[in-house]
Amino acid sequence: MKIIKFLIEKEFKQMFRNPLIPRMIVMYPIMVLLVFPWAVSFEVKNIKIDVVDHGKSVYSKRLIDKMAASKYFILHDTPPDYKSAMFNMENGDTDMIVEIPATFDKDIVKDKNSKVRVAVNSVNGTQGLLGSNYIMQIVNDFSSELRAELINTLPPQQRASLMSIPQVDIIPKYKYNPGLDYKNFMIPGFMVLLLTLICGILPALNIVMEKESGTINQINVTPVNRIAFILAKLIPFWIVGLVVMIISVFTAYLLYGLWPTGSILAVLISAVVFILSISGFGLIISNYSETLQQASFLVMFFILILILLGGMFTPVSGMPSWAQLIAAINPFSYLTETLRMIYLNGSTLADVSGKLLAMALIALFLNGWAVLSYKKRG
Amino acid sequence: MIEVKNLYKSYGRADNIIALKGVSFTVNDGEIFGVIGPDGAGKTSLFRILASLILPDSGSAIMNGHDVVKDYKTIRQIIGYMPGRFSLYQDLSVEENLKFFATLFGTTIEENYHLIKDIYRQIEPFKNRRAGALSGGMKQKLALSCALIHKPEILILDEPTTGVDPVSRKEFWDMLARLKEQGLIILVSTAYMDEAGRCDRIALIKEGEFIATDTPQGIIDNYSGVLWAVQGSRMSVILHELRAHHLIKSSFAFGDKIHITVDEGLQAEELKQYLINKNFEDVNVFPIEPTVEDCFMALTN
C-alpha cells in the first residue's frame, strides 16, 4: 500500500514537472468546448441559392423574398435562365437552383395551383436533403399563406367548397431538446471525446516512455509487483480524467447554460467508469509497444475507430450490423449514449445502470489485460 | 557465489541472432569479476539474464544459491543492477530518485546510508537538482547509490564507465574496490581493456563465448607469442609496411606505438635495420610486456 502511494506520488511529480500536461488538462476541455460545438454541427445553414424567375411577377417576388429571408438560404443570384444558373452551380458558386415558371401568377390565380422546379447539388448529401426540405417547407408555407388570402377573394359558394377540403397540419413537438439546438446534442459527445483523448493517449504513451528512457529496467529489478505498478500508473489518470470531466461540466454550463436535466452524480459516476476502461485500454497499447512512435500510431488508430463507430456523429442504429457489434463493446458509444440520456432526457442513475454495468465489465476486462500484458521480464 | 552454466540466448524471429553460445563461469564471494569484450559480444544479454530481466534459452545461473529463473523474486532483492544506459528518472531530483528506489525495496535512505555514504556524499550538494541535469560522472554515482540502497549482496554493473571521463572512471573503480572490501560480489562489464587490471578475475568475451577466464596476470602470463613495439614518425605507412612482412604475424596500432607479434626467427635489430633501409630513419623496435588487450587480440586472431 505504501509502495503504491509512493509510485503514484512519483507519477504526479513527473506529470506536473512536464511543462505541457498540467496546462493541457485544464485548457484542453475549455478550448474544445469553446470552439467545436459551433463548428461541428449538422445544422445546414447559409445554402447559396440561385432563383431563375421567368415570371417576374408579384407572387414570385414574394416567394423569393421569403426564401432570402430564411436563415437557411442566401440568395446568391437571379440569373435569366436555367442554363446560366446551372453554370453557377457547376462553378460551385451556388448550391441550389429554384426555377419559377413564367405562368406562376396566372396559374396561382386561375388554377389555384402552380409548380416550381428545384435542383440541388447533393454532393454533400445532408446539405442536399435538408436544403430541399427547407425549400419545400418555405414553398408550403407560402402556398398556405396564398390560400388564406385567396379564399377571401372568392365568391361564397366556391369558398365553401375549398373550405370543405380537409386540411391536415403537422405540428411537431420537439421533446428533450425543444430548441432543436444541435450543440446540446453534441456537447455530451465532446466530453466523451475529451476523456478518450486525455485518458486514452496519456496512459498509452506512459509505460512506453519508461521503456524508451530505460527506467523500466530499474523498476523491473525491484520487487514491486505488477498489479501495484499498473494501479499506480492508472490511478493518476483516473484522477486527471475526473478533473477534466468536472471542468467540462462547468464549462458547458458557463458557456452554453447546459446542465444535466438528470442527475449530476450519474454524469460523474458514468465518466469515472468510462475513464477506468479507456485508461486500461491505453496501458495495453503501451505494454505491447516498444517505441513511442508505435504507441502513438496504435492509439490514434484505435481511438479513431472508437470515435467513428461510437455514435457521436452518426447514430449507431443506422450502422451496419458488424458496426453495431463493435459498438456493443465500445465504451465510447456507451458513455456517449449515457451522457446524452442524462443531459437531455433527464435520466437518473437507475436508468443508465445497465450501460454502466456494461462499461464496468469492459473496464474490468481491459484492466485485467493491462496487468497481464505487463511483463517484468522478456 | 555466482555459478553460471551453459547459458544460451538468441534473439530474432528465427532465433538467428545468437547472443550467448554456452557461457559458463563462477564468481567467488568478495570478488570483482570483469567481463571484457567489444560492443555486441553479448555482455549486456548476459547481465540482463543475471538481473532476471530476460530469460535464457537454456542453461542455469545460480546466484548465492538462488536460481535466476525460478527464484527471480529473491534475486531482485539480493542484486543491485545498473544498466549500461543511465536509467533513473531524469525529471526527478537526485534525492527523489534515491528515496524512490529505497521505498520500492522497502527500506529508507537513513537505514542504509552507511552503504552509500562514500559515494552519495559527493553528489549530496546537488540533491535537489534534477537527475537529468547532472554531469556524466555524477549520474554514474547516483546510479550506483540507487543500486546499493537496498543493501544488495551482488552488484551487476553493465558498462558503468562507458562515456565517463578518465578521472571519473578511476574514481569509480576506487569506489568498487571499497565496496568489495565490504564483502559484495561485483560483476562488471567493460569495453575498456585497460580497466581489466582493476578486477580480481576477468573473462574475455567475443561473439557470445568466453575465450579466456583467469586473473588479469594469469591471462597475461598465458601469452605465448613474441611481442614487440615499433615506434616511428610515419606510423600508418610503417603499419602498412609491417603487415607486408612475411615474418610478422600480426600488427596493431596501440596509441603512439604499433604492437607486433613475430616469428621466433626474427631479431629486433634485424627488423629495425629492415625498416631503416625502407627510409624510416627514426624508427625504434623493442620487446614489451603484453597487456590484456594484446592477449585479447592474440586470442581472437
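1. Which residues lie nearest the centre of the largest pocket? In this predicted model, they are K211(A), I216(A), N220(A), E290(A) and R48(B), and they belong to a lining of 20 residues. As you look for this pocket in the structure, note that the residues just named carry the letters of chain A and chain B, and that the volume of the pocket is about 520 Å³.

2. The lining of the largest pocket can also be described by element and by class. Helix α9 of chain A, which runs over residues 215–220, supplies the largest share of this lining, namely three residues. Sorted by class, the lining of the largest pocket holds eight polar residues, seven charged residues and five nonpolar residues.

3. The next topic is the interface of the two chains. Here 24 residues of chain A are in contact with 30 residues of chain B, and the two chains bury about 2,600 Å² between them, with 59% of that area on carbon and sulfur atoms. On the side of chain B, the residues that lose the most area to chain A are R76(B), Y89(B) and L104(B), which together account for 24% of what that side buries.

4. It is worth going through the pairs that cross this interface with some care. Between chain B and chain A, 11 residue pairs are counted as being in polar contact, both residues having a pLDDT of 80 or more, and two salt bridges are found across the interface. A pair to look up in the structure is E96(B) with K13(A), which form a salt bridge in which the closest N and O atoms are 3.4 Å apart. Side chains of opposite charge can pair when their charged atoms come close.

5. Which elements of chain B give two or more residues to the side that touches chain A? They are α2 (72–78), β6 (79–82) and α3 (94–104) of chain B, and α3(B) gives the most, with six residues. By class, the side of chain B that touches chain A consists of 18 nonpolar residues, seven charged residues and five polar residues.

6. Over all chains, the count of salt bridges comes to 24. One to examine within chain B is the salt bridge between R201(B) and E31(B), where the closest N and O atoms are 2.9 Å apart. This pair links distant parts of the chain, since R201(B) is in strand β9 (residues 201–206) while E31(B) is in the loop between β2 (17–27) and β3 (32–36), with the two positions 170 residues apart in numbering.

7. Turning to enclosed spaces, the structure holds two cavities of 30 Å³ or more, and the largest cavity has a volume of about 60 Å³. Its lining is made up of Q218(A) and V221(A) from chain A, together with I79(B), G80(B), Y81(B), F101(B), F105(B), C146(B), A147(B) and H150(B) from chain B. The elements that give two or more residues to this lining are β6 and α5 (136–148) of chain B, and β6(B) gives the most, with three residues. By class, the lining of the largest cavity has seven nonpolar and three polar residues, and no charged residues.

8. The second largest cavity has a volume of about 50 Å³, and the residues that line it are G137(B), Q140(B), K141(B), T161(B), V164(B), S168(B), R169(B), E171(B), F172(B) and M175(B). Both α5 and α6 (166–181) of chain B supply at least two residues of this lining, and α6(B) gives the most, with five residues. The lining of the second largest cavity divides into four polar, three nonpolar and three charged residues, whereas the lining of the largest cavity has no charged residues.

Key: Residues numbered from 1 in each chain as written. Chains lettered and ligands numbered in written order. Predicted model: local features only at pLDDT ≥ 70, side-chain atom pairs only at ≥ 80, totals over all residues. Heavy atoms only, no water. 1 Å grid on protein atoms, 1.4 Å probe; cavity = no way out; pocket = protein on both sides within 12 Å on 5 of 7 lines; lining within 4 Å. Points joined across faces, edges and corners; volume = space filled by probe spheres on them. Helix = DSSP H or I, 4+ residues; strand = E, 2+ residues; numbered from the N terminus. Nonpolar A, V, L, I, M, F, W, Y, C, P; charged D, E, K, R; others polar. Contact = heavy atoms within 4.5 Å. Buried area = accessible area lost by both parts, 1.4 Å probe. Salt bridge = Lys/Arg side-chain N within 4 Å of Asp/Glu carboxyl O. Polar contact = N/O pair within 3.5 Å; in protein donor to acceptor, adjacent residues only side chain to side chain.
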